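The following exercises concern the arrangement of helices and strands in one protein chain. Each task is followed by a solution in steps.

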Amino acid sequence: MITSVSTHSSKLQKDIPFNKIHDFKYEIYSGDFEQQSFSLEITFSQKIKRFRDHDCKWKTVESRGIATELSPKILQMANGQIIQANHKCGIWEVSPKFPNSLFWHFNAKLAQPIVNYTGPENSKLVTSAASDLHLDVPLALLLSPDAGIELSRSKFPFTAIACFTDHCDFDTLENLKIQRQFFKTHQIKITKGFFLNQFSTRADNASWELHKEELEKWVLDGHELAYHSLSQSIKTDLESLSDFFKFKAPLNAIKVWIDHGYQPYNFSLYKKMGLEEYDFSNQLSSQHIKTLWNYIDTGTSAKGVINQLNPNHFTLKSFWDGVEGLGLKKSISLMVKNMFFHYFNDDKKIQSYKLLAVDVKAFFINKKLSALGSLMKHAFNILPAFTSVLLFWNSKKTNTYPLAIYTPLLFNHDISGHTFKVFQTLEMVDFKASLCKANIDLLCEEKGVFIAHTYFSVPLSYHHGRLLKDQNTIDKYVNANFVYLSKKIAERSIWNPTLSEFQNYIDMYKKVSFDCDEKGLIFVNGDPAIGARKVSV
């Protein structure tokens, strides 16, 4: 069945040995695999007919197919043979351009992205997480005449997952109470960001320092607290770093750190500040912090854009289809922003877009004629990119955003001997559209996942579909969406974990491996708490 195995990297391409253990198991030599990015190309004597997709359905190989660690790695060949990986690690890729080949990627570019801010302007540099490939047993392909085995990503077997990570930028004591009662009413859990220290340009900003009793009630209600850096506003570098190295965890159970703004001790900024990796990672670990945000959104949710495991949700066409009903002016504004932040994902273009947005407000709203020159300059800077999309819309509208191609969600990153869990989010601003009935049903149908990046207390009027209609009132349309979401959670059609609950489950999920006997019967090695089922065509 296997005719050859070769490894491809930036340094070399060479054939590597594989060993036929028996008629239904082929081991691949993996002794030289290192941390570097590389791919295996496995060539078969038969064509690949189908692959098991992220939604646990069979798909024919009519376009590029991707299977990450959170998707089944199962193929059906032209002769009906089932082929399955023995490990969840890496990324499988199939393509109609190479009908007899399976590509198995490790540490692929942009598959495990993290952000580092550099230079005086805090330019965004996207790099890859550092993580070694740890294999207890060699990589192998398992063959079965009729059935493979797939695992459930969800604690409720083969269901969707809705996880919320909330940024506390606009939290006050009053709206914290309103939010907490809202989630208690709907029996929904979130990972709630909080500021440890009270230092803010807003006098009423909530913090642990002043509002410990209220935040403790969130924990009692089943929510998880997460550091949103340490304070709302930024102190001097010296004061900020002193705060970071002196802070003590108020509760040992707080394991998640979500960067806020450009705090100098952030995960995304500590290198720029010249902090030693050991000092930075040791301080986080000593305060029980295990999980970090990569400061990246896969995209922005809209109608039809909700599942982080489906790369087809993250295209210009999908987003335009999701926002075009908001009115021409609003739709175009959201589309242009989405284009620069997610489609191009280029820091220079993003900065030019941001400056242009400031100029537009100054000239057209504040009537500052002096802004005209700057407006024209920044408009000229982004015009070529914008025009290239308009002129070639049909060829570009379905291209997946760069940071969504490999659907990154949860992965490891090693910093000076400490291993941290890193998560990537879906920006969720408009709860009317994002959590409408159709989107929740779509998430269930695809057995999808989102880790939402939210601002539940945002008061800004231009945030269409926000939770709080005014300071004390929940928007009735958003409330209706949460009623339906709550119903689906109660029915166990959706699992609603905190981020750490989800992370702990996925850690167990990734440890599961597979093997098969000499008759081609595939079986599971691993935690029996992870849901599994046989799949055939």
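The exercises below treat the helix pairs, then the sheets, then one serine; the model is a predicted one.

**Exercise 1. Determine how α5 and α6 are oriented relative to each other, and state which residues form their contact.**

Solution.
1. Begin with the geometry: the axes of α5 and α6 come within 10 Å and cross at roughly 155°.
2. Angles over 145 degrees are classed as roughly antiparallel.
3. α5 and α6 are therefore roughly antiparallel to each other.
4. The crossing of these two helices, α5 and α6, is right-handed.
5. On the α5 side the contact is made by Leu-316, Phe-319, Trp-320 and Val-323. On the α6 side, it is made by Ser-331, Ile-332, Leu-334, Met-335, Asn-338, Met-339 and Tyr-343.
6. Sorted by class, the residues of the contact of α5 with α6 comprise nine nonpolar and two polar ones, with no charged residue.

**Exercise 2. Classify the packing of α6 against α8 and describe the composition of the contact.**

Solution.
1. Helix α6 spans residues 328-344 and helix α8 spans residues 372-391. The two pack at an angle of about 90°, and their axes are 12 Å apart.
2. The range for roughly perpendicular is 65 to 115 degrees.
3. α6 and α8 are therefore roughly perpendicular to each other.
4. From α6, the residues in contact are Val-336, Met-339, Phe-340, Tyr-343 and Phe-344. From α8, they are Ile-382, Ala-385, Phe-386, Ser-388 and Val-389.
5. Nine nonpolar residues, one polar residue and no charged residues make up the contact of α6 with α8.

**Exercise 3. Carry out the corresponding analysis for α7 and α8.**

Solution.
1. Helix α7 covers residues 347-365 and packs with α8 at an angle of about 140°, the axes being 8 Å apart.
2. This angle makes α7 oblique to α8.
3. The crossing of α7 and α8 is left-handed.
4. The α7 residues in the contact include Lys-349, Tyr-353, Leu-356, Asp-359 and Phe-363. Among those of α8 are Leu-372, Leu-375, His-378, Ile-382 and Ala-385.
5. The contact of α7 with α8 divides into 11 nonpolar, four polar and two charged residues.

**Exercise 4. Give the strand order of the open sheet of six strands and identify its edges.**

Solution.
1. The order is β2-β1-β5-β12-β11-β8, and the pairing is antiparallel.
2. The edge strands, each paired on one side only, are β2 (13-15) and β8 (65-67).
3. From one strand to the next, the twist averages 20°.
4. Within this order, β5 is listed beside β12. Six bridges join strand β5 (residues 38-44) to strand β12 (residues 101-106), and these strands run antiparallel.
5. Leu-40 stands opposite Trp-104 in β12.

**Exercise 5. For the open sheet of seven strands, explain why one side of each edge strand has no neighbour in the sheet.**

Solution.
1. The strands are ordered β3-β4-β15-β10-β9-β6-β7, with antiparallel pairing.
2. β3 (18-22) and β7 (58-60) are at the edges and each has a single partner strand, so one side of each lacks a neighbour in the sheet.
3. The twist averages 25° from one strand to the next.
4. At the β3 edge, four bridges join β3 to strand β4 (residues 25-28), and the two run antiparallel.
5. His-22 stands opposite Lys-25 in β4.

**Exercise 6. Locate Ser-318 and list its contacts beyond its neighbours within four places in sequence.**

Solution.
1. Ser-318 belongs to helix α5 (residues 316-323).
2. Its side chain makes a polar contact with the side chain of Thr-315, at 3.0 Å.
3. With the neighbours within four places in sequence set aside, Ser-318 is in contact with Lys-303, Val-305, Asn-312 and His-313.

How values were computed: Residues numbered from 1 in each chain as written. Predicted model: local features only at pLDDT ≥ 70, side-chain atom pairs only at ≥ 80, totals over all residues. Heavy atoms only, no water. Axes fitted to C-alpha atoms, helices over the stretch in contact; angles between N-to-C directions. Parallel < 35°, antiparallel > 145°, perpendicular 65-115°, else oblique. Contact = heavy atoms within 4.5 Å. Nonpolar A, V, L, I, M, F, W, Y, C, P; charged D, E, K, R; others polar. Pairing = 2+ DSSP bridges. Polar contact = N/O pair within 3.5 Å; in protein donor to acceptor, adjacent residues only side chain to side chain. Left-handed = near helix turned anticlockwise from the far one by under 90°.
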